[in-house]
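This report covers charge, burial and spacing in one protein chain. Look at the sequence and the model first.

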Amino acid sequence: MKAALIGVGQAGGKITERLARFDAEMGFDAVRGALAINSATSDLQSIEYVDTQLVGADQVGGHGAGGDRDLGESLVESNVQQVLDELEGRITSDVEAIFVIAGLGGGTGSGGAPVIVDALQGIYDKPVYAIGVVPGHNEGKLYRVNAGNALKTVVDAADATLLIDNDAWHEQGESVEGAYDTINGNIAQRVGLLLASGEAVEGVGASVVDSSEVINTLRSGGIAALGYASAPASEDSAENVRTVMTVSRQALLTGTSLPDATTADSALLVVAGEPEIISRKGVEKARRWISEEVGSRRIRGGDFPLESGRLGALVLLGNVDRPGRVEDLIEEAWAAKQASDGDRDDAEEDLIDDRLEGLF
Ligand code: GDP
């Protein structure tokens, strides 16, 4: 899938850079254009691989939003036209989808990403997806409350929102901050493979996955999740039937970006590896298993031919059903608002329910 990437804020910029670099180093060429925007000059200085743009300089003089998402929204809004102008040359006619990437726990990305998504939706006749990083359990309360406040706005604005829990893609016991490099590397590899999977070489069999499968899987909107696992391939084909099944299971059960997302409207299974090694029987078995596990018959699938001694499985879930982590963050944001506004009454409890209903 040919994609344009826009990173908003610190996490958004770093992840965008990493993803663009992975795509180029692998020679995939799925990323056709990328830009990182931020209201903090110091954060932009560390970005070397993609172009950058400072926003809100008139208001905060390059000092950032300080974790204030209302301020972040206003800083991005004040320069939205310049951002769109800057993006024009990067969102070329061959681009099939636009990805707006941000940490939902901060200020600039959390407040600004929905502004950019909205603006792009108004101009381009292509899907605009968000990739949102959700703070881990032990991150500060401000981050969690910001994320809870951002979720509905982002999910409503984007054609689909791929969520990545900062607790998901690093070793247990490692602090989130200490693991940024690992997490960002994993996001770059996994999302990078997903984008590249639709770009597979011409002339190979009909089982090769196409970009439209990704778009169709995300068509029902809402929240998406991505799982990944890999294992060494074997010379023995019976063994590879088992390996395809094992990595597909691991991708969904232990390798997902949103650990408590298990049921979904649709799913896509991409199996990556040497074409002659990918076991058709294994792929069929894995698809049936995923269908039962996620509770949907809309399970698309395809191969991603890749020179590798390993077999990998990517499982994309479209419109997942009420992940507990998301509900908890929204509840916590409401509780924080009530604590600052006075006690929460029954009418406000109903409002939380409405907010959750609207989200799923
Ligand atoms: P902003 O610059 O105001 O948009 O704020 P940040 O992007 O720093 O957002 C804060 C949230 O993003 C917190 O949940 C951080 O843990 C997370 N975050 C910051 N930097 C990174 C990073 O490099 N990788 C990941 N995965 N998360 C990050």
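Burial here follows relative accessible area: buried means under 20%, exposed over 50%, and partly exposed in between (1.4 Å probe, protein chains only). The areas come from the Shrake-Rupley method with a 1.4 Å probe, and for residues only the protein chains shown count as cover. Ser 266 is buried because its relative accessible area is 1%.

The model is predicted: local features need pLDDT of at least 70, side-chain atom pairs count only at pLDDT 80 or more, and totals for chains, interfaces and linings use all residues. Residues are numbered from 1 along each chain as its sequence is written, and side-chain values use heavy atoms, leaving out hydrogens and water.

**Buried residues**

Ser 266 sits in strand 8 (residues 264-273). Helices (H or I, at least four residues) and strands (E, at least two) are DSSP runs, numbered from the N terminus. What does the side chain of Ser 266 reach? Its partner is the backbone oxygen of Thr 217, at 2.9 Å. That fits the rule for a polar contact: a pair of N or O atoms within 3.5 Å, where within protein one must be able to donate a hydrogen and the other to accept it, and residues adjacent in sequence count only if both atoms are side-chain atoms.

Leu 120 belongs to helix 6. Its relative accessibility is 0%, so Leu 120 is buried. Leu 120 and Leu 87 are 33 residues apart in sequence, and their C-alpha atoms are 9.6 Å apart in space.

Val 134 is part of strand 5 (residues 128-134). Val 134 is buried, at a relative accessible area of 1%. From Val 134 to Arg 242 the C-alpha separation is 33 Å, with their positions 108 residues apart along the chain.

**Salt bridges**

A salt bridge is a side-chain nitrogen of Lys or Arg within 4 Å of a carboxyl oxygen of Asp or Glu. The count by this rule is 13. The table gives three of them.

| Pair | Closest N to O distance |
|---|---|
| Glu 199 and Lys 2 | 3.3 Å |
| Arg 90 and Asp 51 | 2.4 Å |
| Lys 152 and Asp 156 | 3.0 Å |

Glu 199 and Lys 2 meet in a salt bridge at 3.3 Å. Glu 199 lies in the loop between helix 8 (180-197) and helix 9 (211-217), and Lys 2 in the segment before strand 1 (3-8), so the pair ties together parts 197 residues apart in sequence. Glu 199 is partly exposed at 21%. Lys 2 is partly exposed at 22%.

Arg 90 and Asp 51 form a bridge at 2.4 Å. This pair links distant parts of the chain, 39 residues apart: Arg 90 is in the loop between helix 5 (80-88) and strand 4 (97-103), Asp 51 in strand 3 (residues 51-54). Arg 90 is buried at 14%, whereas Asp 51 is partly exposed at 44%.

Lys 152 and Asp 156 both lie in helix 7 (residues 141-157), 4 residues apart, about one turn of the helix. Asp 156 is partly exposed at 48%. Elsewhere, salt bridges that share partners join Asp 29, Arg 32 and Asp 94 into one network.

**Negative patch**

Which residues gather in a patch of negative charge on the surface? They are Asp 68, Asp 70, Glu 73, Glu 77 and Asp 118. Patches are made of residues with over 30% relative accessible area and no salt bridge; like charges are joined within 9 Å. Asp and Glu count as negative, with the charge placed at CG of Asp or CD of Glu. Helix 4 (residues 69-78) gives the most, with 3 residues. Asp 118 lies in helix 6 (residues 108-123) and is partly exposed at 48%.

Notes. Patches are made of residues with over 30% relative accessible area and no salt bridge: like charges are joined within 9 Å, nonpolar side chains (Val, Leu, Ile, Met, Phe, Trp, Tyr) within 5 Å.
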